[in-house]
Amino acid sequence: MPLADAAVSGLAPLRAAFARQDEARLRDPYPTVAKRRAQLVRLAAVIKTARPEIANAISADFGHRAPQETALAEVFTSLEAIRYTVRHVGRWAKPERRPVSIWHRPGHARLRKQPLGVVGIVVPWNYPLYLAAGPLVSALAAGNRVMIKMSEFTPHFNALWERLVAENFPPDEIAVMDGGVEVAAAFSRLPFDYLLFTGSTRVGREVMRAAADNLTPVTLELGGKSPAIVCDDFPLELAASRILYGKCTNAGQTCVAPDYALVPAAKVPAFVAAARTAVTGFFPSLASEDYTTIATERHFARLAALIDDAAKTGATVHPLHAEASDPVARRFTPTALTGVTPAMHIMQEEIFGPLLPIVPYDTLDEAVAFVNARPRPLALYAFSDDGAVIDRVLRTTSSGGVTVNDTMLHVAQDALPFGGIGSSGMGLYHGREGFDAFSKLRAVYYQRRFNGLSLLQPPYGKRFDRLIKLMLR
Ligand code: NAD
């Protein structure tokens, strides 16, 4: 064991948990679909029963998280993913018949979906249940064993989740691990058969580097600056309300939150006013139970620094609520910023909080060029009732996913895959693509006793020449 690893406390349990699952994989490499369905149904029951405790634990980790947000964005989404998967896993798992060319008949071909083995999942703090359960559902459906490393920022939820899983699943099926960054780094060095990481682009790079040593394939679910393009024809109030809902859910601490808005230049003042109306409508008081707080002091300070930096370098700051931010409660006033420039930090890093820079544009081409001049985002939002305009935006930009005329909802479509592109990630999960990602799509060709191959074998002569001429026609 390398010295650095030996020094990490909590590493021995990691290795032991991996060895246990790896042995179990060899004992039962192909769990039946009935067993997988039973696991998923049990997982749903656990989540459903523990719903109040889940909401309390996540709220304790955040300072305050509206229980309704947890119910909608974590519990409902997880249960829906399970329902959809239970309904379809039988079909996904069936070997597929694939055609063979005339030269290989009468043999036949099948595509078998085989479990990969032991899958590692690394979870961020912002949606600790859904971002653990979502990948878990795909991995279990595909017949794998799963180790889950939770974020060090969600100790209350981790303790609950670890207990719930341990009470309902043997550790050779699902193991939940807690621990700091060193444990996370050691976790990503385990020789998993597949590793799914959700988190920042910076850490994603380190995870991929660690996985490369074992040639462990990865899905990286990362972040980025997801734009919302408001087109000229779309009702401004409606766009502002939908964008601000996306921005204020979980106080903007959402990977697919709209990061900044591109708005026709002449409409920027009206958009700011509409944004203020929307926020005040959602939260008559920011101290209301409905508004989620910023997870840590460090994250709160980072958001404040983004505003300071922008203000110092010429941006105009528009608080979208009469109540000022409360650093003690970590309640951050939703804020729009105009006059931003690409050099400002707020236009360079993912915001991950309730701040909305507004970038004016004159033509749609200009808006598209602005998006394309930056790393490809995890999500893109376009607001227009004109199908041709939407089509143009879709054809000329690139992003992990898209919601048209709203924000974030593509993530909740269980029949659609989810995943980033470029610096917002790689690989897909959710639904059918999630099942495939955690399966070995194993190619099997069945040869017949009597077949034509012997006609092509040496010694080569006239018969081979005649046949190959036909084959190369
Ligand atoms: P983070 O990258 O700081 O941490 C994510 C996880 O990685 C944590 O569990 C942490 O313990 C672990 N980790 C830290 N250092 C590690 C290392 N060296 N090796 C292996 N693991 C390590 O991210 P975060 O602050 O928890 O989450 C916020 C980020 O996640 C944002 O960028 C957000 O956009 C992104 N995110 C993406 C998605 C998505 O589905 N694409 C979803 C949610 C969040």
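**Exercise 1. Two domains and what lies between them**

Determine how far apart the C-alpha centres of domain 1 and domain 2 lie, and describe what the two domains share.

*Solution.* In this predicted model, the C-alpha centres of domain 1 and domain 2 are 30 Å apart. The next step is to place the domains on the chain: the domain assignment gives domain 1 as 3–222 + 424–442 and domain 2 as 227–418. Turning to the contact itself, 26 residues of domain 1 touch 28 residues of domain 2, and the two domains bury about 2,300 Å² between them, with 52% of that area on carbon and sulfur atoms. The last step is to look for charged pairs across the boundary, and here the count between domain 1 and domain 2 is zero salt bridges.

**Exercise 2. Helix α3 and its partner α4**

Work out how the axes of helix α3 and helix α4 are arranged, and which residues make the contact.

*Solution.* Two packed helices are described by the angle between their axes and the distance between the axes. For helix α3 (residues 33–49) and helix α4 (residues 51–62), the axes come within 4 Å and cross at roughly 65°. Since angles of 65 to 115 degrees count as roughly perpendicular, α3 is therefore roughly perpendicular to α4. On the α3 side the contact is formed by I47, K48 and T49, and on the α4 side by R51, P52 and I54. Sorted by class, the residues of this contact are three nonpolar, one polar and two charged.

**Exercise 3. Helix α3 and its partner α6**

Repeat the analysis for α3 and helix α6, and state the classes of the residues in contact.

*Solution.* The axes of α3 and helix α6 (residues 130–141) come within 9 Å and cross at roughly 160°. Because angles over 145 degrees count as roughly antiparallel, α3 is roughly antiparallel to α6. From α3 the contact draws on R36, Q39, L40, L43 and I47, while α6 supplies A133, L136, V137, L140 and A141. By class, these comprise eight nonpolar, one polar and one charged residues.

**Exercise 4. A salt bridge that reaches along the sequence**

Find the salt-bridge partner of K35 and explain what the pair ties together.

*Solution.* Side chains of opposite charge can pair when their charged atoms come close. The search of the whole structure yields 22 salt bridges, and one of them joins the side chains of E173 and K35, at 3.5 Å from N to O. E173 sits in the loop between α7 (155–168) and β5 (174–177), whereas K35 belongs to helix α3, so the pair ties together parts that are 138 residues apart in sequence.

**Exercise 5. Backbone exceptions in loops**

Locate the cis peptide bonds that join R105 to P106 and P458 to P459, and then examine the phi of N405.

*Solution.* Most residues other than glycine have a negative phi, and most peptide bonds are trans. The bond between R105 and P106 is cis, with omega about 10°, and P106 is placed in the loop between β1 (96–98) and β2 (108–115). The bond from P458 to P459 is also cis, with omega near 0°, and P459 falls in the loop between β16 (439–446) and α16 (462–471). Finally, N405, a residue other than glycine, has a positive phi near 65°, and N405 lies in the loop between β14 (401–404) and β15 (425–426).

Key:
Residues numbered from 1 in each chain as written. Predicted model: local features only at pLDDT ≥ 70, side-chain atom pairs only at ≥ 80, totals over all residues. Heavy atoms only, no water. Axes fitted to C-alpha atoms, helices over the stretch in contact; angles between N-to-C directions. Helix = DSSP H or I, 4+ residues; strand = E, 2+ residues; numbered from the N terminus. Parallel < 35°, antiparallel > 145°, perpendicular 65-115°, else oblique. Contact = heavy atoms within 4.5 Å. Nonpolar A, V, L, I, M, F, W, Y, C, P; charged D, E, K, R; others polar. Domains from an automatic or database assignment. Buried area = accessible area lost by both parts, 1.4 Å probe. Salt bridge = Lys/Arg side-chain N within 4 Å of Asp/Glu carboxyl O.
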